[in-house]
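Please open the model in your viewer with the residue numbering displayed, and keep a selection box at hand. The tour below moves from one selection to the next and says what can be found at each stop.

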Amino acid sequence: MPADRRTRRATTPADPARDAPGPGAALLCADDALVAAVLRLADVAGCGVLREPVPPGAGARDVPPLLLVGTGTPAQRVADARARGAAEVVLVGCAPVGPEWWRHAAEVDADHAALLPEAEPWLLDRLVDAAGGPRPAGRVVGVVGGSGGGGASVLAAALATACAAAGDVLLLDADPLSGGLDLLVGADQVPGLRWGDLAGVSGRLRPDVLRSTVRLDEGLHLLAGDRRTGTGPSPEALAAVLGAARSAFTTTVVDLPRGRLEHLGPEVLRACCEVLVVAPATTRAAAAACCTVDEVRRLAGAAAPEVRLVLRDVGSGADVEVLADVVGAPLAASLRAERDLEASLERGEGLPAGRRSAVRAFADRWAAAAAPAW
């Protein structure tokens, strides 16, 4: 048999209906003028729009990530669409509108309200994004001290800084006893949302709200503790912020509170793809780190993230491999002592930027290794 015939027989013809991307948006609206306006924008954006409800047997790829809703759409229809996989709901309307339009936005729990024609550029951007398919959820990485003085907050800041070279990153301060990550990175005077401003948050939070947190650098934001209240985030607030962060940021690095993990609830740990436990390289610190590692695994249960150990050299001469065996977690790194680190942090200069910094070097390696998987 000729080679070309064998090739033709072995090749499965492409199925355009199967290979084409699903619709990027769904539109529930009975107003013909509004429908025409939205479809015109969708054509410009190259975004397919579904006008009928998703059939019960449809797969996840057939559920549009963006749901556009017109006035009069029953709230139950919107709730059903959310349950099927719609990630974002936008109430659309043509100006002028009355108070009932804004009441309807609350009834359907809309993420955004867009009044045309003023909001046309904004809606066009949303349709362009939806045409590219749903954005994958960002990763969440936890860092926690295995014992006192381990340097977990410093490592969390270093990891966030390293990851920001490849995407938008949120450094999330979940330890109310850390003194505030904004102080550690020299941003205590920088304006932006802090936990005190989000104290009553629960349920769902719009992802773009987190863009108003403290901006440390291009692509790097910080949600810091609030020394005005002296309390950390509630489990409900932290869950809401993490949900929004996974939509808004490529990576979220959480500085977890040692000894208070149970207060946060298991969902926070289950959201993490990895938890790094940081401790000084001493026998006593390793014994304390055992408790932290066990607590992470116990709280997260079957959905426990990978837990690895980072040991900081304090001149004890201990064998780090033996200490890792004692703790019962793989050794991610052993960091040499940095003479100038504490002085740099005390002066409000933030983390050392030089290549000689062991913390920064490990953070760069970690970010580079993690990037291909995300």
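Begin by selecting P96, which sits in the loop between β4 (88-94) and α5 (99-107). In this predicted model, the peptide bond that joins A95 and P96 is cis, with an omega of about 0°. Move on to P117, located in the loop between β5 (112-116) and α6, and display the backbone on its N-terminal side: the bond from L116 to P117 is also cis, here with omega near 10°. Between these two stops, select D109, which belongs to the loop between α5 and β5. The phi of D109 is near 55°, a positive value in a residue other than glycine, and its side chain can be looked at from outside in part, since D109 is partly exposed with a relative accessible area of 41%. Such places merit a look because most residues other than glycine have a negative phi, and most peptide bonds are trans.

Next, turn to the charged pairs. How many salt bridges does a search of the whole structure find? The search returns 8, and three of them are visited here, starting with R40 and E120, whose closest N and O atoms are 2.9 Å apart. R40 lies in helix α3 (residues 32-45) and E120 in helix α6 (residues 120-131), so this salt bridge ties together parts that are 80 residues apart in sequence. R40 itself is partly exposed, with a relative accessible area of 42%.

Select D182 and R194 for the second pair, a salt bridge in which the closest N and O atoms are 3.3 Å apart. Because D182 is in helix α8 (residues 181-184) while R194 is in the loop between α8 and β8 (214-217), the pair ties together parts that are 12 residues apart in sequence. Are these two partners buried or exposed? D182 is buried, with a relative accessible area of 0%, and R194 likewise counts as buried, at 12% relative accessibility.

The third pair, E218 and R215, forms a salt bridge whose closest N and O atoms are 2.6 Å apart. Here E218 is exposed, with a relative accessible area of 60%, whereas R215 is partly exposed, at 46%.

From the charged pairs, go to the nonpolar interior and select L172 and L256, the two residues that touch the most other members of the largest nonpolar core, a set of 47 residues. With L172 as the centre of the view, and leaving out residues up to four places away in sequence, the residues it touches are L181, W195, L223, L238, V241, L242, T252, V253, V254 and D255. Apart from this core lies another, of 37 residues, and a selection of V141, V143, A157 and A158 will show some of its members.

Now select A237, in helix α9 (residues 235-248). A237 is buried, with a relative accessible area of 1%, and, setting aside neighbours within four places in sequence, it is in contact with W195, L198, A199 and V201. A distance drawn between the C-alpha atoms of A237 and A199 should read 6.7 Å, although these residues are 38 apart along the chain.

Colour the cysteines next. The structure holds 0 disulfides, and two sites show why particular sulfurs remain unpaired. The sulfur of C29 has its closest cysteine sulfur in C94, at 8.3 Å, which is too far for a bond; C29 counts as buried, at 15% relative accessibility. For C291, the closest cysteine sulfur is that of C290, at 6.6 Å, again too far for a bond, and C291 is exposed, with a relative accessible area of 54%.

Finally, colour the model by confidence. The mean pLDDT of the protein is 81, and 83% of its residues reach 70 or more. Select residues 1-21, where the pLDDT is below 50 and where the stretch has 7 contacts in the model beyond near neighbours in sequence. Residues 57-61 are the last selection: the pLDDT is below 50 over this stretch too, and it has 6 contacts beyond near neighbours in sequence.

How values were computed:
Residues numbered from 1 in each chain as written. Heavy atoms only, no water. Core = buried A, V, L, I, M, F, W, Y, C linked by side-chain atoms within 4.5 Å. Buried < 20%, exposed > 50% of the residue type's maximum accessible area, 1.4 Å probe, protein only. Contact = heavy atoms within 4.5 Å. Helix = DSSP H or I, 4+ residues; strand = E, 2+ residues; numbered from the N terminus. Salt bridge = Lys/Arg side-chain N within 4 Å of Asp/Glu carboxyl O. pLDDT = per-residue confidence, 0-100. Disulfide = S-S within 2.5 Å.
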